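Welcome to this short tour. Keep your viewer open, and select each stop as we reach it.

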Amino acid sequence: MTEQQRAVLAEKPGEFLKSCLYHEPRIQEKLKQINSYKEIVNEINKTAKNVSMFGLENSGKMEKCAAKVIQLQNDIEAEVLELQADVELVKEAIALLDDDCQKLLMEARYLRHMKWEEIAMLIACSYRWTLRLHGIALQKITKEAILIHI
């Protein structure tokens with residue numbers, strides 16, 4: 001975690017943790033895109049082999065198309081790595097907590113995107129205590145981030 005990220009974490013821990021709210025679904029969608037592109041490249045390669053056997057001149061165009069698809073696939077893979085790095089930062093922030101119940105609460109909220117009612121049932125607390133415990137956890141993260149930042 002960079003100094004700038006620690007400063008943001010110390011100032012606005014809730015916003016920092018929310019920054020990855022939609023990362024998991026985005027990662028899953030991007031992985032589906034990659035698989036789709038792999039299928040396209042495989043089809044292009046099969047067609048290119050058939051075309052090149054007959055000596056037709058379209059095989060060069062197909063190879064260029066396959067190269068473009070592979071480049072798109074590589075770009076998406078790079079985006080996935082960036083998203084996963086952001087998720088790791090959130091995990092690192094949650095790891096600053098020393099209370100297992102608070103860690104579970106924060107992981108459920110910010111990594112598994114559970115609703116407050118579900119989290120309350122998970123940690124066997126009332127809805128109101130869950131919200132209060134969340135506030136306490138945010139304050140602890142702020143304190144720890146400030147200590148690390150100094």
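Is K140 buried, partly exposed or exposed? K140 is partly exposed, with a relative accessible area of 32%; here buried means under 20% relative accessible area, exposed over 50%, and partly exposed in between, using a 1.4 Å probe and protein chains only.

Before moving on, a word on what you are looking at. This is a predicted model, in which local features need pLDDT of at least 70 and side-chain atom pairs count only at pLDDT 80 or more, while totals for chains, interfaces and linings use all residues. Residues are numbered from 1 along each chain as its sequence is written, and side-chain values use heavy atoms, with hydrogens and water left out.

**Stop 1: colour by confidence**

Colour the model by pLDDT, the predictor's confidence in each residue, from 0 to 100. The protein averages 83, and 89% of the residues score at least 70. Among the elements, helix 6 has the highest mean pLDDT, 97, and helix 3 the lowest, 77. Helices here are DSSP runs (H or I, at least four residues), numbered from the N terminus. Where pLDDT is low, the predicted coordinates should not be read in detail.

**Stop 2: salt bridges**

Go back to K140 and add D98. Their side chains meet in a salt bridge, 3.9 Å from N to O; the term means a side-chain nitrogen of Lys or Arg within 4 Å of a carboxyl oxygen of Asp or Glu. This pair links distant parts of the chain, with K140 in helix 7 and D98 in the loop between helix 4 and helix 5, 42 residues apart. D98 is exposed, at a relative accessible area of 64%.

The structure holds 4 salt bridges. For another one, select E29 and K32, whose closest N and O atoms are 3.5 Å apart. Both lie in helix 3, 3 residues apart, about one turn of the helix. E29 counts as partly exposed at 45%, and K32 as exposed at 52%.

Now select K91 and E88 in helix 4, also 3 residues apart. Their salt bridge has its closest N and O atoms 3.5 Å apart. K91 is partly exposed at 39%, and E88 is partly exposed at 44%.

**Stop 3: the largest nonpolar core**

Which residues touch the most other members of the largest nonpolar core? Select L17, L105, M106 and I119, out of 24 residues in that core. Helices 1 (3-11), 2 (13-18), 4 (59-94), 5 (100-110), 6 (116-122) and 7 (127-149) each give two or more residues to this core. A nonpolar core is a set of buried Ala, Val, Leu, Ile, Met, Phe, Trp, Tyr and Cys residues joined through side-chain atoms within 4.5 Å. In soluble globular proteins, nonpolar side chains tend to be buried together.

Zoom in on L105. Not counting residues up to four places away in sequence, L105 touches W116, I119, I123, T130, L133 and H134, where contact means heavy atoms within 4.5 Å. Apart from the largest core lies another, of 5 residues, among them I27, I34, I76 and V80.

**Stop 4: two last residues**

Select T142 in helix 7. T142 is buried, with a relative accessible area of 17%. Leaving aside neighbours within four places in sequence, T142 is in contact with L9, A10 and P13.

Finish at K38, in helix 3 (residues 23-53). K38 is partly exposed at 39%. Add Q73: the two are 35 residues apart in sequence and 7.8 Å apart in space, C-alpha to C-alpha.
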